Amino acid sequence: MRMYDLIMKKRNGGKLSQPEIKYMIEGYTDGSIPDYQMSAMLMAIWFKGMDDEEITEMTKIMARTGDIIDLSDIKGLKVDKHSTGGVGDKTTLIITPIVAACGGIVAKMSGRGLGHTGGTVDKLESIPGYRTDIDRQKFIDTVNSCGASVIGQTGNIAPADKKLYALRDVTATVDSIPLIASSIMSKKLADGSDYILLDVTTGSGAFMKTLDDSIKLAQTMVNIGEGAGKKTVALITDMDVPLGHAIGNSLEVIESMEVLKGRGPADLIEVCMQLATNMLYLIGKGSVEECRNMAEKSIKDGSALEAFCKMVEAQGGDASYLRDTDKFERAPYSLEVKAAADGWITHMNAEKCGIASVELGAGRETKESSIDFPAGIIMQKKYGDKVKKGETIATLYTCREDSLKDAEALYQEAITIGNEEPAPEKLVFARIEKDKVERF
Ligand code: URA
């Protein structure tokens, strides 16, 4: 077999067979197929796509390039949640303890931020002492004693995806349904959970910009999960506007603690409630209504906050920062962004807001870049809010004073102020199960 022939076959719209996909993925992972040939193949896939059979085969082969985690030492049914990425997306920090407080079990491996999107591992590491690199036994012990543990991806989970993702990131081939579906689901097939809730984001800050593409991606991933014997459900959630009011690592931890303390922004609360409800429903905790009530109660009675503090302490973190978030270090430099006109905020480009936060030091340009935990943005005004010219719409925080001006320009570019009040923001667009699409 020659990679040249496979590239040509895909370029011409052909279907790759299982042995051909195996040859290509294993060869790229072991280094016998070079980056330049894989780049050409990724671009051919980007243009010509793959059918469901090709995507499923590629996912299974990618999962088998590394370890398949055995979580059978964890008692009970494990539920995982995975987001396709976004800006201000701190839902894992909120729904993991809600589900744990309601008797669910969450054994979760999360990623770091890359590009304009943030990553849960970076957010958690902004809590002093929190370790995301604990070993397998400690991970299992933490889940058994706290009902939840969130760690970074262990070294050898789907190594094919690690190499492919890095290559996609520099070859403009990230936003492709077969490539995103196989990337995410190869890790889900390897990570040992019994149930999966997928949070497929849609809009300007998501990889999928349209609802139809987001639904197609969700259906593809649900079919892969179900085909592998894992009950899988997806929600399509809004990422046209950043989620909540905070972007940036410790700023997002602080906002998440507000939600766990019964406060926090309405959009973030609603998305988290819907995700947590669906996770509890998936593992059979009751009807949708009962699961929602359970999730709300865990906030009201403080049990979700306690579950988070317990997990953080078990992983070496200082939970006093969570109880009193004033203890978090603040960025030394800040700048207030003012409204450029009177009117309503009619659009926020979430991707550009994310890029502004990377400029401030909250994210990574490349895998090697360092990040500053207190850097980021607090958005005082969001989509749908009425503003007056000169009023503060956001505050930028940074440890790198010289980044403020560029970040301000980027943020201003992200905001559109119009003369008419826009329609209310829709937060959850659809729920996808095997062979079922429910649009809201
Ligand atoms: N997250 C992933 O893990 N992979 C993708 O391709 C996109 C988002």
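This report covers the ligand site and the internal cavities of a predicted model.

Local features need pLDDT of at least 70 and side-chain atom pairs count only at pLDDT 80 or more, while totals for chains, interfaces and linings use all residues. Residues are numbered from 1 along each chain as its sequence is written, and side-chain values use heavy atoms, with hydrogens and water left out.

**Ligand site**

The ligand sits in the largest pocket. A pocket is an open set of points on a 1 Å grid over the protein atoms alone, with protein on both sides within 12 Å along at least five of seven lines. Sitting there requires that more than half of the molecule's atoms lie within 2 Å of the grid points.

The shell around the ligand comprises T84, Y165, R168, I180, S183, I184, K187 and F207. Each has a heavy atom within 4 Å of the ligand. Two elements give two or more residues to this shell: α8 (159-170) and α9 (177-190). Helices here are DSSP runs (H or I, at least four residues), numbered from the N terminus. α9 gives the most, with four residues. By class, the shell has four nonpolar, two polar and two charged residues. Ala, Val, Leu, Ile, Met, Phe, Trp, Tyr, Cys and Pro count as nonpolar, Asp, Glu, Lys and Arg as charged, and the others, Gly among them, as polar.

The table gives polar contacts of the ligand (pairs of N or O atoms within 3.5 Å).

| Ligand atom | Side chain with the N or O partner | Distance |
|---|---|---|
| oxygen | K187 | 2.4 Å |
| nitrogen | S183 | 2.7 Å |
| oxygen | R168 | 2.9 Å |

Taken alone, the ligand exposes 240 Å², and the protein buries 91% of that. These areas come from the Shrake-Rupley method with a 1.4 Å probe.

**Cavities**

A cavity is a set of grid points where a 1.4 Å probe fits but cannot get out, and its lining residues have an atom within 4 Å of a point. Points are joined across faces, edges and corners, and a volume is the space filled by probe spheres set on them. The structure holds four cavities of 30 Å³ or more.

The largest has a volume of about 130 Å³. It is lined by 20 residues, of which T117, G118, S357, A362 and G363 are the closest to its centre. α6 (120-125), α11 (249-260) and α16 (350-360) each supply at least two lining residues. This lining has four nonpolar, 12 polar and four charged residues.

The second largest cavity holds about 60 Å³ of space. Its lining is H82, M109, Q153, I157, K187, K188 and D191. These divide into two nonpolar, two polar and three charged residues. K187 lines this cavity and also belongs to the ligand shell.

Notes. Polar contact = N/O pair within 3.5 Å; in protein donor to acceptor, adjacent residues only side chain to side chain.
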